[in-house]
Amino acid sequence: MADPPGCCRPCSTCLLCLYSCRWITAKKEKMQGLRTTKCDCSWFLFLFFVFLFTLVWLYIAIIILNDFHNFNEFIFKQQKLWLDWSLVLLIATAILITYSAVLLVLALCLQICGQPLKLHWLHKTLLIITALVVAAAFTGLGIQWAEEWKSARISLQATGPFLHIGIVGGMTLLAWPLASVVYRTRNTGLKVFLLFLYSALMIALYLAPLGITSPCIMEENQLPPKPALVGHRGAPMLAPENTLMSLRKAVDCDVQVFETDVMVSADGVPFLMHDEKLTRTTNVQAVFPERAALNSTAFNWTDLQQLNAGSWFLERRPFSTVQSLSHGDRVQVARQKIPSLEEVLGAAKENNISIMFDLRPENHSDYQSFVNATLQVILQSGIPLQQILWLPDGFREQVKHQVPGIQQIYGRKRLQDENEPLLRVNLPYQDMSSEEIRQYRHDNISVNLYVVNQPWLFSVLWCSGVSSVTTNACQVLKEMKHPIWLLPSSTYLMIWIVVDCVSFLMILWAFLLLKKCSQRRRPAESETDVLLTKINSLMQD
């Protein structure tokens with residue numbers, strides 16, 4: 001088979017070497033009569049689907065970065081090993097997608113150059129391993145972290161219009177190797193099948209925007225106010241979580257609410273701590289090694305004050321932002337102690353921010369005494385009660401009766417037979433659709449969603465009309481003056497039409513150009529076939 005115009009023999013030889021893992025020139029390939037078999041075509045299809053499979057996983061991996069700190073905490077609780085596993089995930093995914101993408105590009109170039117697709121057994125083995133690894137990743141995600149599928153669905157509201165443009169572009173480029181196959185093969189049935197399948201896919205893609213919805217497709221004057229920021233345990237990317245320094249950093253980020261977790265010591269002092277054990281965020285293993293495995297509530301306040309609540313932040317670097325801390329901040333971090341609720345309420349009162357907290361552990365036998373101790377500290381602090389957002393469900397009616405001025409916030413959606421109307425709800429961002437957010441906003445119900453760290457997610461919730469979001473990245477979201485993108489429907493319609501028209505013209509050009517090239521090759525191939533026939537006849541004579 002003659003090399004097409006613009007495809008030199010050295011290039012064909014290099015492509016064959018990389019794809020087939022053997023050095024064979026195009027001339028030797030012709031002499032050996034190597035051709036693409038049905039088995040080779042099957043492996044090419046497998047390669048194509050592995051690439052798509054890995055590409056989808058790359059998209060999912062980028063989406064779940066918003067919640068990956070929770071995964072790091074989960075691994076630490078199970079294995080006592082702290083590592084930023086998001087880097088491992090992204091590096092491994094990048095290797096897999098790069099490998100499959102390079103192989104796919106080689107295969108498409110070989111097809112355009114008219115060379116056989118003889119995939120080496122080593123590449124076949126690695127492709128199978130890639131498919132198994134990605135399948136295992138999807139399976140693990142579905143079993144251990146199923147709520148991330150909801151995150152992926154929400155992400156489509158942010159990326160849908162752009163994914164559509166990207167997929168149309170990719171399918172448009174696929175017209176070149178497809179046209180090459182159509183003009184080279186003599187199987188009419190295969191030609192009809194490929195053209196029908198490709199045409200059906202392109203028509204579906206051209207019409208896909210009819211089913212794409214996003215809250216950010218709206219007019220500028222319809223954009224709701226920017227959601228307020230709630231600091232998740234303060235500003236945990238800038239200071240150790242649940243410390244006074246974290247509260248002050250959150251105030252610097254214009255956070256309106258400090259979200260935290262409260263426990264009560266063995267001698268009745270409420271203090272800030274998220275985990276039931278002290279091992280992750282203190283040096284308890286060094287100070288009290290024989291008691292490190294005990295619950296946080298088993299320690300009295302004197303013991304808790306001996307612990308350092310900041311050194312772990314510098315040692316484990318839970319966020320990449322730790323590296324950029326100034327010397328002064330590092331010194332301050334190293335001095336952090338576990339704060340009492342009384343200290344935190346005083347700081348909140350001084351800085352005029354609200355505080356929202358959970359009271360842990362909910363299943364403790366002395367939980368009612370925890371509630372009483374917490375209420376006593378609140379009343380003694382002198383903080384305005386409207387700055388307290390009470391989240392615990394346990395003994396909520398008692399709290400309403402004893403301290404009616406405290407603001408109640410619920411960790412559930414409203415019920416149809418609600419005794420009294422809800423004014424505030426606090427839910428995972430996966431649990432509320434854009435339509436529900438708009439309805440709650442219409443009914444004057446304040447909606448706070450957690451935990452929102454990525455700008456794309458914040459933009460979607462902003463466009464949806466959410467009241468506030470709980471975030472680890474207050475320093476990032478503070479700087480956002482506008483959603484990442486906002487398109488009027490008329491502008492999106494124009495983009496849709498232009499993209500479809502350009503794609504159609506490029507596909508038409510690819511088929512016409514390759515048809516012209518194939519017509520030029522046919523006379524040369526015919527003359528070569530006649531010459532080879534004559535030589536063969538002479539040799540037989």
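**Notebook: strand β1, Thr54 and some salt bridges**

I started in strand β1, where Val230 stands opposite Val257 in β2. Strands here, like helices, are DSSP runs numbered from the N terminus (H or I and at least four residues for a helix, E and at least two for a strand). Before going on, a note to self: this is a predicted model, where local features need pLDDT of at least 70, side-chain atom pairs count only at pLDDT 80 or more, and totals for chains, interfaces and linings use all residues. Residues are numbered from 1 along each chain as its sequence is written, and side-chain values use heavy atoms, with hydrogens and water left out.

**β1 and its partners**

I looked up what β1 (residues 228-232) pairs with, taking two strands as paired if DSSP finds at least two bridges between them. With β2 (residues 257-264) I get a parallel pairing over three bridges. With β9 (residues 468-471) the sense is also parallel, over four bridges, and there Gly231 has Thr471 as its bridge partner.

Next I checked how covered β1 is. Five of its five residues are buried, meaning under 20% relative accessible area (exposed is over 50%, partly exposed in between; 1.4 Å probe, protein chains only). In a regular strand, side chains alternate between the two faces of the sheet. I find both faces covered here: Ala228, Val230 and His232 lie on one side, Leu229 and Gly231 on the other.

**Thr54**

I moved on to Thr54, which sits in helix α3 (residues 38-63). Thr54 has a relative accessible area of 1%, so I list it as buried. Leaving out residues up to four places away in sequence, I noted its contacts (heavy atoms within 4.5 Å): Thr54 touches Leu96, Ile97, Ser100, Thr130 and Val134.

**Salt bridges**

I searched the whole structure for salt bridges (a side-chain nitrogen of Lys or Arg within 4 Å of a carboxyl oxygen of Asp or Glu) and got 14. One of them joins Arg280 and Glu73, at 3.5 Å from N to O. That pair links distant parts of the chain, 207 residues apart: Arg280 is in the loop between β3 (270-272) and α11 (284-287), Glu73 in helix α4 (residues 68-79). I find both Arg280 and Glu73 buried.

Arg280 also bridges to Asp275, with the closest N and O atoms 2.7 Å apart, and Asp275 is buried too. Following the links, I end up with a network of Glu73, Arg233, Glu241, Asp275 and Arg280.

Last, I checked Asp393 and Arg396, whose closest N and O atoms are 2.7 Å apart in a salt bridge. Asp393 is exposed at 53%, whereas Arg396 is buried at 6%.
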